[in-house]
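Visitor: I should like to go through this model residue by residue. May we begin once the sequence and structure are on display?

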Amino acid sequence: MSNKVLLVDGMALLFRHFYATSLHNQFMKNSQGIPTNGVQGFVRHVFTALNEINPTHVAVCWDMGQQTFRNEMFEGYKQNRPAPPEELIPQFDFVKEVSEQFGFVNVGVTNYEADDVIGTLAHHLSEDNEIYVVTGDRDILQCINSNVEIWLTKKGFNIYNRYTLDRFVDEYGVEPKQLIDIKAFMGDSADGYPGVKGIGEKTAIKLIQQYGSVENVIAAIDELTAGQQKKINADLANLKISKTLAQIHTEVPLNIAQLLPAMQFGTSLTNALDVCKEHELYVSGKYLATHFK
């Protein structure tokens, strides 16, 4: 396989560093008074991945507003999340502008999340390419296959928690797509969908290891313990909707044949440093100049 495709969850990286530094009021404002802390973290994370992976193609994927098709299915989906802080709001457009100037292709589709865009690109491009996904969201692990590797952010900018297909199967004892069924039982408080009250990750994994899917568990419910039966029967509707909400959509309307050539990447360090200087991203510029050649 000649192509290495890097897919970046842009919002995950922006949020991660914004909250890591805003905790100490380190907003890194430029001469116009615009905070740059989230953007600076985005830059350092992406260039660390670029240096390690050396991709031929790059796309940065974005959420396009809070409302998606999942909100139409379930009113409470992500409704428990607070509004973004005022220091973060101007960085949404700022980071996309910087991303484009670095030579990355920004991809976002109204009514879908960045995860869905990543899932769609990974699903279709992995037939003929090596895919690397950088994100902070473990939900994307369901998209792993033999040609898709997930790099989860960890502490700092140069350490990633890397998941291959072999590692995922060894760790979970199920196939990646069965993570959807596990999440259906567990629910997700961050995303605001309920799952089955009283069933956590360990029990959910055991159920899916034994029965394979939510549907098979329901079909064999008489074989479960009395406690498990009671919990599942009480939350049966929530279990079914949670499975739908947990699944990343892999058929987002994208013209992938047209998009892939546009994703070809070849930005030089000199250009990256010029972009950092233009936007007063001095912390990022110093980091790039120090760590990369």
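Visitor: Leaving aside its neighbours within four places in sequence, which residues is Met28 in contact with?

Guide: The model is a predicted one. In it, Met28 lies in the loop between α1 (10–22) and α2 (37–53). Setting aside neighbours within four places in sequence, the residues in contact with Met28 are His17, Thr21, Ile34, Pro35, Thr36, Asn37, Gln40, Arg44 and Val283.

Visitor: Does Met28 count as buried, partly exposed or exposed, and why?

Guide: The class depends on relative accessible area, where buried means under 20% and exposed means over 50%. The relative accessibility of Met28 is 26%, and therefore this residue counts as partly exposed.

Visitor: What distance separates the C-alpha atoms of Met28 and Leu259?

Guide: Along the chain, Met28 and Leu259 are 231 residues apart. In space, the separation of their C-alpha atoms is 34 Å.

Visitor: With which side chain does the side chain of Ser99 make a polar contact?

Guide: Ser99 has its place in helix α4 (residues 89–101), and it counts as buried because its relative accessibility is 0%. Not counting residues up to four places away in sequence, Ser99 touches Phe42, Val60, Phe104 and Asn106. The polar contact of the Ser99 side chain, at 2.8 Å, is with the side chain of Asn106.

Visitor: How far apart are the end C-alpha atoms of helix α5, and what span should its residues give?

Guide: Helix α5 covers residues 114–125, which is 12 residues. The expected span is 1.5 Å times one less than the number of residues, so α5 should span 16 Å. The model agrees with this expectation, as the end C-alpha atoms of α5 are separated by 16 Å.

Visitor: How many residues of α5 are buried?

Guide: The buried residues of α5 include Ala114, Asp116, Ile118 and Leu125. Helix α5 is largely enclosed by the rest of the structure, because the buried residues number 10 of the 12.

Visitor: Which residues are the bridge partners of Leu6 in β4 and in β2?

Guide: Strand β1 (residues 4–9) is mostly covered, with 5 of its 6 residues buried. It runs parallel to strand β4 (residues 130–135), to which 5 bridges join it. β1 also pairs with strand β2 (residues 57–61) in the parallel sense, over 5 bridges. For Leu6, the bridge partner in β4 is Tyr132, and in β2 the partner is Val58.

Key: Residues are numbered from 1 along each chain as its sequence is written. This is a predicted model: local features need pLDDT of at least 70, side-chain atom pairs count only at pLDDT 80 or more; totals for chains, interfaces and linings use all residues. Side-chain values use heavy atoms; hydrogens and water are left out. Helices (H or I, at least four residues) and strands (E, at least two) are DSSP runs, numbered from the N terminus. Buried means under 20% relative accessible area, exposed over 50%, partly exposed in between (1.4 Å probe, protein chains only). Contact means heavy atoms within 4.5 Å. A polar contact is a pair of N or O atoms within 3.5 Å; within protein, one must be able to donate a hydrogen and the other to accept it, and residues adjacent in sequence count only if both atoms are side-chain atoms. Two strands pair if DSSP finds at least two bridges between them.
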